[in-house]
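Me: Please examine the ligand site of this model closely. Which residues and elements surround the ligand, and what polar contacts are made there?

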Amino acid sequence: MENEIKNIRQLFKEDLKAASDVKALEDIRVKYLGRKGIVSKLMEKLPSLDKDKKPLIGKELNVLKTFIQGELKSKGEVFISKNNLMEEVDITLPGIAPSVGRLHPITKTLNEINGIFISLGFKIEEGPEIEKEFYNFEALNIPLEHPSRDAFDTFYIKGDILLRSHTSTVQIRIMEKTKPPIQAIMPGRVYRPDAVDASHSFMFHQVEGLMVDHDIKFSDLKGVLNIFTKQMFGEKTKTRFRPSFFPFTEPSAEVDISCIICRGKGCRVCSHTGWLEILGAGMVNPKVFEAVGYRATKYAGFAFGMGVERIAMLKYGIDDIRLFFENDVRFLKQF
Ligand code: DAH
């Protein structure tokens with residue numbers, strides 16, 4: 001019987017070696033350990049053995065049984081992991097596309113605005129968001145206690161330190177450190193203590209423009225802005241200059257474009273006027289030149305300022321400014 005056990009072990013090893021899939025392993029299990037299997041049959045013979053042989057044979061049979069079970073299990077695991085591996089590299093399955101990042105619509109719009117002005121010879125300049133009162137107000141001809149301060153009210157930090165409420169501050173910083181000719185645009189964030197709603201935000205973006213030399217005229221301003229509006233909103237876009245007031249420009253104008261939705265016929269977006277206001281502009285006020293130490297009789301210049309969110313909302317047909325800042329991927333991935 002002991003020899004028989006050895007032979008069975010050998011036989012099993014050969015069978016196991018030949019097995020090439022899970023199904024073959026199951027057949028082997030039935031052959032040896034099944035109810036009518038080889039090992040089970042031997043077990044049945046145990047009671048009829050000699051008393052002194054019984055314990056030894058019984059033990060050996062148990063060892064054989066455990067051995068067979070262990071071997072079947074580990075070979076089975078090899079098959080399963082091989083199968084899984086094959087599934088992992090199944091090149092016939094469609095791939096999983098990685099999610100691709102993209103630019104924020106405000107960044108995209110800013111890049112587009114910058115690109116147009118760069119092509120016209122403008123340089124990009126930047127200034128601080130935390131400013132002194134002087135740059136946000138006095139230097140721009142907005143004196144303390146003057147009602148025009150209200151329009152540019154802001155958040156105060158400490159003393160005369162505040163968050164800039166427009167990018168016009170950067171005009172002053174550039175003129176303080178350089179002499180004309182100046183031809184620059186100044187993009188950046190600005191802050192206003194406005195209650196947030198569909199068209200207001202306490203933080204938004206502006207692009208300021210400034211061109212100063214000996215003989216800059218209002219017609220230069222019109223020429224530059226006409227090119228800008230056509231490139232930004234399409235060749236068919238018309239531009240209109242309406243008289244307005246800003247303390248830092250004289251004369252001042254508000255610039256409208258023909259409504260890009262209805263092409264000037266009148267619709268809900270343009271409040272049935274056919275026109276959409278997009279920016280403020282004008283000839284630099286001599287008082288501003290004086291504030292930066294220029295001789296006001298020597299130079300002339302134009303300036304303009306636009307809100308980037310407003311331009312992006314018009315261009316992409318967005319009706320709520322809050323969408324830009326909520327970080328909702330469903331919105332952002334449309335651009
Ligand atoms: N700073 C103005 C604002 O925030 C925009 C503006 C108007 C800028 C006229 C200018 C300008 O440079 O000439 O509403």
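Reply: The following account describes the ligand and its surroundings. The model is predicted: local features need pLDDT of at least 70, side-chain atom pairs count only at pLDDT 80 or more, and totals for chains, interfaces and linings use all residues. Residues are numbered from 1 along each chain as its sequence is written, and side-chain values use heavy atoms, with hydrogens and water left out.

The ligand is surrounded by 16 residues, a residue being counted if one of its heavy atoms lies within 4 Å. The closest are His 166, Ser 168, Arg 192, Gln 206 and Glu 208. By residue class, the shell comprises six nonpolar, eight polar and two charged residues; here Ala, Val, Leu, Ile, Met, Phe, Trp, Tyr, Cys and Pro count as nonpolar, Asp, Glu, Lys and Arg as charged, and the others, Gly among them, as polar.

At least two shell residues come from each of helix H7 (168-177) and strands S6 (203-213), S9 (275-284) and S10 (300-307). These elements are DSSP runs numbered from the N terminus, with at least four residues for helices (H or I) and at least two for strands (E).

Polar contacts, pairs of N or O atoms within 3.5 Å, involve both side chain and backbone. An oxygen atom of the ligand lies 2.9 Å from an N or O atom in the side chain of Gln 206. Polar backbone atoms also take part: one of Ala 303 is 3.2 Å from a ligand oxygen atom, and one of Phe 304 is 3.4 Å from a ligand oxygen atom. Of the 360 Å² that the ligand exposes when taken alone, the protein buries 92% (Shrake-Rupley method, 1.4 Å probe).

How values were computed: A polar contact is a pair of N or O atoms within 3.5 Å; within protein, one must be able to donate a hydrogen and the other to accept it, and residues adjacent in sequence count only if both atoms are side-chain atoms.
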